[in-house]
Amino acid sequence: MKKFALWERKRGIRAIALAFFLLFCGQFLSFGVRSENLSEKVLRFHILANSDTKEDQAIKLQVRDRILQEAAGLLDSVDSPLQAEEILREKLPSLLQSARETVQNCGKEQEISGGFCTEYFPTRTYTDREGKTYTLPAGTYRSLTIRIGEAEGHNWWCVMFPSLCLPAVSENVESSFTQEENDLIQTDETDYRFRVWEWTQQAIQWVQEWQW
């Protein structure tokens, strides 16, 4: 009788554990789907410095400011990342030339290259001019990427669309996403799901890059 009671108790514990596990999987699956959908509605901006010296890092920030200043007026009426990319792609030669002029004004001769690509970004929280914070989960995003010189220094990234890093921040950040996606990006980055999702994305990247 005692053995039967003990077996019943263990079975109850296993059932509770299984229920919590399935609940966790369900929540995480939903989080992952929303994260994947979110990445299709965002255009990132990524700059890689020549090196990690103070001088090269300062040049990187000057290049950043110059490009953001010129891009601000271009995206005033943009309502999709595809449209933002099309406009910036047309203006890319001019933006790259501005970056070269900025580097030359700093007394350097560092090659400037750039274009659009899809690349991995870790979890990142941004604050708009009104003080509202938005957390973008880790994943692969379309990006306007600028490389300065050897591009071996610490990088800087932000969001071109919706405009979270332009001088004139857009008022329609939230309107670019569904209610579920807004709930996700307005969640604090300390939420364990961001960390688990980032580990998952890093594992996927490792598998993809592994030479089988």
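Which residues does Thr123 touch, not counting residues up to four places away in sequence? In this predicted model, Thr123 touches Thr135, Leu136, Pro137, Ala138, Glu189, Phe194 and Glu198. The residue sits in the loop that links β2 (112-121) to β3 (124-127). Thr123 has a relative accessibility of 15% and therefore counts as buried, the cut-off being under 20%. Two of these partners deserve a second look. The side chain of Thr123 makes a polar contact of 2.8 Å with the side chain of Glu198, and the Thr123 side chain also reaches the backbone nitrogen of Ala138 at 3.5 Å.

Strand β2 offers another residue to visit, Phe116. Phe116 is likewise buried, with a relative accessible area of 14%. Once neighbours within four places in sequence are set aside, Phe116 is in contact with Leu43, Glu85, Leu88, Arg89, Arg142, Ser143 and Leu144. For one of these, Arg89, the separation along the chain is 27 residues, while the C-alpha atoms of Phe116 and Arg89 are 7.8 Å apart.

Attention turns next to helix α2, which covers residues 54-72 and has 19 residues. From its first C-alpha to its last, α2 reaches 27 Å, close to the 27 Å expected at 1.5 Å a residue. The buried residues of α2 are Asp56, Gln57, Ile59, Lys60, Val63, Arg64, Ile67, Leu68, Ala71 and Ala72. Packing against these buried residues are two strands that follow later in the chain, β5 (139-148) and β6 (155-161), together with β1 (43-48) and helix α3 (81-105).

Methods
Residues numbered from 1 in each chain as written. Predicted model: local features only at pLDDT ≥ 70, side-chain atom pairs only at ≥ 80, totals over all residues. Heavy atoms only, no water. Helix = DSSP H or I, 4+ residues; strand = E, 2+ residues; numbered from the N terminus. Buried < 20%, exposed > 50% of the residue type's maximum accessible area, 1.4 Å probe, protein only. Polar contact = N/O pair within 3.5 Å; in protein donor to acceptor, adjacent residues only side chain to side chain. Contact = heavy atoms within 4.5 Å. Expected span 1.5 Å × (residues − 1).
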